[in-house]
Amino acid sequence: MSKNVIIDGLAVELTRKRIKRINMRIKSPDGRICISAPYSVPESEIISFVRAKRTWIDRSIAKVKERAEEHPEPASKAEKEQQRRELKRRIAARLPRIEQITGLRSNGWTVRDMHTRWGSCNTKTHHVNFSLMLAGRTDTELDYVILHELLHTVVPNHGPDFYAMMDSFMPGWKDIRKSMNR
Ligand SMILES: [Zn+2]
């Protein structure tokens with residue numbers, strides 16, 4: 001049996017169990033405080049227990065939250081589907097415009113769950129892949145990747161011709177690349 005109580009401003013999930021001693025855990029990722037206590041222990045004793053361990057509690061919560069921020073939970077399947085839909089909508093709106101401005105043409109495109117590259121282009125078929133990671137990037141950054149991959153339909157490598165065309169179609173692309181590699 002669990003109930004939520006507030007002790008000295010801390011939200012505590014208190015569970016009564018057939019145990020001998022009071023146990024406490026700080027749960028990831030939100031730093032929730034869970035206390036298990038024997039049925040016989042009065043709440044006043046639990047309050048004393050929390051007060052005695054207050055420094056440890058505050059430090060543990062901070063640590064758990066910090067770790068959760070550094071290693072966020074991977075997006076759920078539903079979240080990824082939502083991201084994919086939204087990204088596809090954005091690409092469908094922006095890619096034809098960039099094709100029109102540059103005269104470059106892709107031969108179809110796909111959004112893929114790739115983690116090491118923003119995009120790729122098959123230089124034979126001219127099919128372009130975009131990484132799902134682009135879901136979190138700005139329109140400017142998305143345009144940069146679209147242009148980069150479209151250029152590969154005419155220049156397969158990253159030689160001087162490639163960069164000359166980048167310069168001519170998207171002055172300032174170097175700043176965008178810098179922001180994306182951070
Ligand atoms: Zn490239």
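These legends go with a set of close-up views of a predicted model.

**View 1. The whole chain, an αβ mix that is stretched out**. Start with the full trace: the protein has 6 helices and 7 strands. Going along the sequence, they come in the order β-β-β-β-α-α-α-β-β-β-α-α-α. The radius of gyration is 27 Å, well over the 16 Å that the globule rule gives for 182 residues, so the protein is more spread out than a compact globule. The C-alpha trace covers about 80 × 30 × 20 Å along its principal axes. Of the 182 residues, 38% are buried.

**View 2. Two residues to give a feel for the distances: Ser48 and Arg117**. Ser48 sits in helix H1 and is partly exposed, at 44% relative accessible area. Arg117 is 69 residues away along the chain, and the two C-alpha atoms are separated by 54 Å.

**View 3. The zinc site and its three histidines**. Which atoms of the protein hold the zinc ion? The donors are the NE2 atoms of His148, His152 and His158, and they lie 2.0 to 2.1 Å from the metal. Read in sequence, the donor residues follow the spacing H-x3-H-x5-H. His148 belongs to helix H4 while His158 is in the loop between H4 and H5, so this pair ties together parts that are 10 residues apart in sequence. Is His148 buried or exposed? His148 counts as buried, with a relative accessibility of 15%, which puts it under the 20% cut-off. His158 is partly exposed, at 45%.

**View 4. The largest pocket**. About 330 Å³ of space is found here. The lining takes in 19 residues, and those closest to the pocket centre are Trp118, Tyr144, His148, Glu149 and His158. Two of these names, His148 and His158, also appear among the zinc donors. Which elements each supply at least two lining residues? They are strand E6 (119-121), helix H4 (139-151), helix H5 (160-169) and helix H6 (173-181). H4 gives the most, with 4 residues. By residue type, the lining divides into 8 nonpolar, 8 polar and 3 charged.

**View 5. Glu43 and Lys3, a salt bridge between distant parts of the chain**. How many salt bridges turn up in the whole structure? The search finds 12, and the pairing of Glu43 with Lys3 has its N and O atoms at 2.8 Å. Glu43 is in helix H1 (residues 43-52) and Lys3 is in strand E1 (residues 2-7), 40 residues apart. Both ends are partly exposed: Glu43 has a relative accessible area of 38%, and Lys3 comes in at 41%.

**View 6. Arg51 and Asp8, another link to helix H1**. The closest N and O atoms of this salt bridge are 2.8 Å apart. Arg51 lies in helix H1 and Asp8 in the loop between E1 and strand E2 (10-17), so the pair ties together parts that are 43 residues apart in sequence. Asp8 is partly exposed, with 38% relative accessible area. Take a look at its backbone too: Asp8 has a positive phi of about 50° although it is not a glycine.

**View 7. Charged pairs on helix H3 and a shared network**. Arg89 and Glu86 meet in a salt bridge, 2.8 Å from N to O. Both lie in helix H3 (residues 77-102), and they are 3 residues apart, about one turn of the helix. Glu86 is partly exposed, at 34% relative accessibility. Elsewhere, salt bridges that share partners join Arg90, Arg94, Asp139 and Asp143 into one network.

**View 8. Backbone oddities: a cis proline and a positive phi**. Most residues other than glycine have a negative phi, and most peptide bonds are trans. Against that background, the peptide bond from Ser28 to Pro29 is cis, with omega near 0°. Pro29 is in the loop between strand E3 (23-27) and strand E4 (32-38). Where does His126 sit? Its place is in the loop between E6 and strand E7 (128-131). Phi of His126 is near 65°, a positive value in a residue other than glycine. His126 is partly exposed, with a relative accessible area of 24%.

Notes. Residues numbered from 1 in each chain as written. Predicted model: local features only at pLDDT ≥ 70, side-chain atom pairs only at ≥ 80, totals over all residues. Heavy atoms only, no water. 1 Å grid on protein atoms, 1.4 Å probe; cavity = no way out; pocket = protein on both sides within 12 Å on 5 of 7 lines; lining within 4 Å. Points joined across faces, edges and corners; volume = space filled by probe spheres on them. Nonpolar A, V, L, I, M, F, W, Y, C, P; charged D, E, K, R; others polar. Donors = N, O, S within 2.8 Å, 3.2 Å for Na, K, Ca; no water. Buried < 20%, exposed > 50% of the residue type's maximum accessible area, 1.4 Å probe, protein only. Salt bridge = Lys/Arg side-chain N within 4 Å of Asp/Glu carboxyl O. Rg over C-alpha atoms; globule rule 2.2 N^0.38 Å.
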